[in-house]
Amino acid sequence: MRIDHLIYAAPDLDAAVDAVEERFGVRAAGGGRHVGLGTHNRLLALGPHTYLEIIAPDPRQPEPAAHRPFGVDGVTEPGLVGWAVACDDIDRARDEAVAAGFDPGEVIDGQRRTASGDVVRWRLTSNALAGGVVPFLISWGGTPSPAISAPAGLVLESLHVEHPDPALITPRLRAVGADAEVRLAAAPGLVAQLAGPTGRHLLR
């Protein structure tokens, strides 16, 4: 399993960036605007190929035609709302997931515009739009991983899934190549342990 990134949604991007910096000791930067989706983000590296995406509604954009991705519209408190598993051949990985009994959705194109005006592009499975504890598949093609340019200083030490029905979720995780531990809990959730300048902390 190659964890590509974790998604941390918040109602206000600047406030979330400030809070994460205060807690973990590193300030998120970079990112950009998801034009047409009504969101914007900032990034933090969690390793050489893994990063944390802090995402929130973008007040500079008009209301999107559809719901914002990852349930951002309904977020009232910051929290982990989704994650992505990297793959080299996303069409093949998607077909393998379907054959294993879980359909992560069609492969769609994604993009965002950086502060410098550049457009970053990727491909992902459409279950990304809903978020949740089952990861979506993502492929960057020839685009360098955002983890390379995101501010460094944090390390993802572990990630586990919480769910009231582990027997339901575990096969879906395996189908998309995610071998994360599933722990019994009252509600679905993601729990990451990050290490950085201020020590080790859990991010939920």
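**Salt bridges, burial and chain separations in the predicted model**

Arg60 counts as exposed, its relative accessibility being 55%. The model in which this residue was analysed is a predicted one. The partner of Arg60 is Asp58, with which Arg60 forms a salt bridge whose closest N and O atoms are 3.2 Å apart. Asp58, in turn, is buried, as its relative accessible area is 2%. The salt bridge between Asp58 and Arg60 therefore joins a buried acidic residue to an exposed basic one, given that buried denotes under 20% relative accessible area and exposed over 50%.

A second salt bridge is formed by the side chains of Arg123 and Asp91, with an N to O distance of 3.0 Å. This pair connects distant parts of the chain, since Arg123 belongs to strand β7 (residues 119–125) and Asp91 to helix α2 (residues 90–99), with the two positions 32 residues apart in sequence terms. Both partners fall in the intermediate class of accessibility: Arg123 is partly exposed at 31% relative accessibility, and Asp91 is partly exposed with a relative accessible area of 35%.

A third salt bridge involves Arg94 and Asp103, for which the closest N and O atoms are 3.0 Å apart. Arg94 has a relative accessible area of 15% and is therefore buried, because the threshold for burial is under 20%. Asp103, by contrast, counts as partly exposed at 45% relative accessibility. This interaction belongs to a network of salt bridges in which Arg94, Asp95, Asp103 and Glu106 are linked. For the protein, the count of salt bridges comes to 16.

The charged side chains comprise 18 positive and 25 negative groups. The centres of these two sets lie 2 Å apart.

With respect to the overall fold, the protein contains 3 helices and 12 strands. The radius of gyration is 16 Å, close to the 17 Å given by the globule rule for 204 residues, so the protein is as compact as a globular protein of that length. The C-alpha trace spans about 40 × 35 × 30 Å along its principal axes. Of the 204 residues, 49% count as buried. The exposed surface is about 9700 Å², of which carbon and sulfur atoms supply 52%. Among contacts between residues at least 6 apart in sequence, 63% join residues that are at least 24 apart.

Helix α1 (residues 13–24) was examined through several of its residues, one of which is Ala19. Ala19 is partly exposed, with a relative accessible area of 44%. The C-alpha atom of Ala19 is separated by 22 Å from that of His34, a residue 15 positions away along the chain. Ala16 is also located in helix α1, but Ala16 counts as buried, at 4% relative accessibility. When neighbours within four places in sequence are left aside, Ala16 is in contact with Ala10 and Ile54. The separation between the C-alpha atoms of Ala16 and Gln61, 45 residues apart along the chain, is 19 Å.

Glu22 likewise has its place in helix α1. With a relative accessible area of 69%, Glu22 is exposed. The C-alpha atoms of Glu22 and Leu124 are separated by 32 Å, the two residues being 102 positions apart along the chain. Helix α1 thus contributes residues of each accessibility class, with Ala16 buried, Ala19 partly exposed and Glu22 exposed.

The backbone at Phe70 was considered separately. Most residues other than glycine have a negative phi. Phe70, which is not a glycine, has a positive phi of about 65°. Phe70 is found in the loop between β4 (51–57) and β5 (79–86). The side of the classification to which Phe70 belongs follows from its relative accessibility of 10%, at which Phe70 counts as buried, because this value is under 20%. A positive phi thus coincides, at this loop position, with a buried residue.

Key
Residues numbered from 1 in each chain as written. Predicted model: local features only at pLDDT ≥ 70, side-chain atom pairs only at ≥ 80, totals over all residues. Heavy atoms only, no water. Helix = DSSP H or I, 4+ residues; strand = E, 2+ residues; numbered from the N terminus. Rg over C-alpha atoms; globule rule 2.2 N^0.38 Å. Buried < 20%, exposed > 50% of the residue type's maximum accessible area, 1.4 Å probe, protein only. Contact = heavy atoms within 4.5 Å. Areas by Shrake-Rupley, 256 points an atom, 1.4 Å probe, with all protein chains shown as cover. Lys, Arg positive; Asp, Glu negative; His and termini not counted. Charge placed at Lys NZ, Arg CZ, Asp CG, Glu CD. Salt bridge = Lys/Arg side-chain N within 4 Å of Asp/Glu carboxyl O.
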